[in-house]
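Trainee: Could you take me through one part of this protein up close? I'd like to look at a small sheet and whatever lies against it.

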Amino acid sequence: MIETSEKLFEQAQKSIPGGVNSPARAFNSVGGAPVFFDKAEGSILTDVDGNEYIDYVGSWGPMILGHSYEPVVEAVQKTAAKSTSFGAPTNIEIKIAELVKKMVPNVDMIRMVNSGTEACMSAIRVARGYTDRDKVIKFEGNYHGHADSFLINAGSGALTLGQPSSPGVTEGTAKDTLTANFNDLHSVKKILSENEGEVAALVVEPVAGNMGCIPPKKGFLDGLRELCDAHEVVLIFDEVMTGFRVAQGGAQQRYGVEADLVTYGKIIGAGLPVGAFGGRQEIMDVVSPVGPVYQAGTLSGNPLAMAAGYALLSELHENPRHYDELEEKTTYLFTGLKEVFQNHNVPVSINRVGSMMSVFFTEQEVVDFETANTTDQELFKKYFHGMLQNGVYLPPSPFEALFLANSLTEELLDKTIEVADKSIQQALAEV
C-alpha cells in the first residue's frame with residue numbers, strides 16, 4: 001500500500017504544478033500516484049509507507065555505485081561542516097577538473113554548471129560563438145534539457161524546419177533548430193548540404209536514453225564525426241546519461257569517437273545538482289572570462305557537489321573493475337528478462353549498452369524514435385504497475401532507460417527476474 005504517498009501527492013498538487021518538480025515523476029505515462037521516497041541504501045529504495053523496492057532508476061543515472069555510498073556521504077558531511085557554498089573558488093574544483101581530464105583524455109578544459117540542461121544550453125552558445133553561426137542540428141527523440149533550443153519538434157519530416165513543441169518557445173528560436181533522424185546519416189547529410197555554412201553545432205546523445213536506450217548503429221558516430229569535420233561544425237556529445245557510466249571515459253571511449261564538446265550531468269556530483277561542459281581548448285577559450293561568450297553561475301562548482309563527485313569519480317577511476325562487474329550484472333538481467341518474455345510469447349526488443357537497458361514490447365528492432373513508438377504502451381503500463389506492486393521500481397515511462405548500479409546483487413537480480421515473470425503474466429491476463 002502507498003496510502004501516504006497518495007495523500008502527499010494530493011497535498012503537493014495544491015502548491016506544486018502537477019504535484020511534482022519535474023514532469024517525469026508524475027506517472028502520467030503509466031497512471032496512478034507517484035511514489036514518495038524516504039530513504040535509500042545501495043539498490044534498495046524505501047518509500048514513506050515503509051515499502052522497499054529494487055531500484056532501476058538510480059536518480060536517473062548517477063547512482064552508479066548505489067545510494068548512500070559511504071565515501072560520498074562522508075565527503076558531503078565533511079564539506080558541509082565547513083560551508084555549503086562560497087560563491088568563490090575552492091581547491092576541490094581544480095581537483096575534480098584535473099580528474100575528469102585524466103578520465104576523458106580529449107577534454108582539455110571543463111566548466112562546472114548546475115544541471116545537465118545548463119551544460120547543454122551553454123555548449124550550444126559556445127559553439128555558436130566559436131563558429132559565428134546560428135543553426136543547430138539535433139535528433140528526434142534525443143533530449144538535451146528544457147532550454148528553448150532543444151524543445152523543438154521537426155514534424156513528420158526530418159528536413160522540415162523546427163516547430164516549437166512547447167508554448168513559450170518562439171518561432172525565431174525554432175527556425176534555427178534542425179531535426180534529423182537518429183541513426184540516419186543520410187538525413188544529416190541532407191540538412192548540412194541544404195544549410196551549408198550556417199550550422200554551428202550538431203548535438204547528439206551518443207547512446208539515446210530519452211526514448212529508451214537506443215545504441216548507435218555501427219559507423220553512425222564515426223559518420224557524424226566525418227560530416228562535422230567536412231562542414232566545420234562543432235560536434236557535441238550529450239553524455240549526461242552515458243558519461244562515466246558506459247565506460248570510464250563515457251561513450252567517447254566506448255565507441256572510439258571524440259567529440260569537440262561534451263556535456264555531463266549529475267553523475268559528476270554523485271547525484272547532487274550539478275553539470276559540466278568541456279572539450280578542446282581552442283573552443284573552450286571563447287568562454288568568459290577568457291573569451292567573449294558569457295556563461296556564469298553563482299552556485300557553479302558548489303563545494304558539496306564537487307566533494308561528492310570527486311569521491312565517486314575517484315573510485316571509478318582507481319577501480320575500473322566496477323565497469324566489468326556492471327557489464328556482467330546487466331548481461332545477467334538481460335538474459336533473464338529475455339527468457340521470461342520468450343516463455344510467455346511476448347514480442348520484445350531489449351536494448352542494452354553497458355549498464356543502461358530498455359525493454360520495448362514490439363517485434364521491431366528499435367533503432368530510432370519511430371521504431372521506439374511501436375512499443376505496446378498499454379502492456380508496459382500494466383507491466384510497470386505489476387513490478388511496482390511486487391517491489392521493483394522501474395522508470396515510470398516506456399521511453400526511459402533503466403540504470404543499473406553495482407550495488408545490485410545476484411539475489412536482487414534473480415528477484416527482479418522472478419517479479420518480471422509474475423508481472424508479465426498478470427499484464428497479459430488483463431489485456
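Mentor: Sure, and let's start with a term: two strands count as paired if DSSP finds at least two bridges between them. Keep in mind that this is a predicted model. With that in hand, look at the open sheet built from three strands, in the order β13-β14-β16, with antiparallel pairing. Its edge strands are β13 (349-353) and β16 (402-403), each of which pairs on one side only. Now zoom in on β13 and its partner β14, residues 356-360: five bridges join these two strands in the antiparallel sense. You can pick out one of the matches yourself, since serine 349 has phenylalanine 360 in β14 as its bridge partner. Next, find helix α11, which covers residues 321-343 and lies across β13 and β14. Compare directions there: α11 runs at about 180° to β13.

While you have the model open, hop over to the aromatic rings. The whole structure holds twelve aromatic pairs. One of them is phenylalanine 139 with phenylalanine 182, an edge-to-face pair with 6.2 Å centre to centre and 90° between the planes. This pair links distant parts of the chain, 43 residues apart: phenylalanine 139 belongs to strand β5 (residues 135-139), while phenylalanine 182 sits in the loop between β8 (177-180) and α6 (185-194).

One last stop is the second largest pocket, with about 610 Å³ of space. Of its 30 lining residues, Glu93, Ile110, Arg111, Met112 and Pro289 are the closest to the centre. The elements giving two or more residues to that lining are α3 (91-103) and β4 (109-113). By type, the lining splits into 15 nonpolar, ten polar and five charged residues.

Conventions: Residues numbered from 1 in each chain as written. Predicted model: local features only at pLDDT ≥ 70, side-chain atom pairs only at ≥ 80, totals over all residues. Heavy atoms only, no water. 1 Å grid on protein atoms, 1.4 Å probe; cavity = no way out; pocket = protein on both sides within 12 Å on 5 of 7 lines; lining within 4 Å. Points joined across faces, edges and corners; volume = space filled by probe spheres on them. Helix = DSSP H or I, 4+ residues; strand = E, 2+ residues; numbered from the N terminus. Nonpolar A, V, L, I, M, F, W, Y, C, P; charged D, E, K, R; others polar. Contact = heavy atoms within 4.5 Å. Axes fitted to C-alpha atoms, helices over the stretch in contact; angles between N-to-C directions. Phe/Tyr/Trp six-rings, centres within 6.5 Å; stacked < 30°, edge-to-face > 60°.
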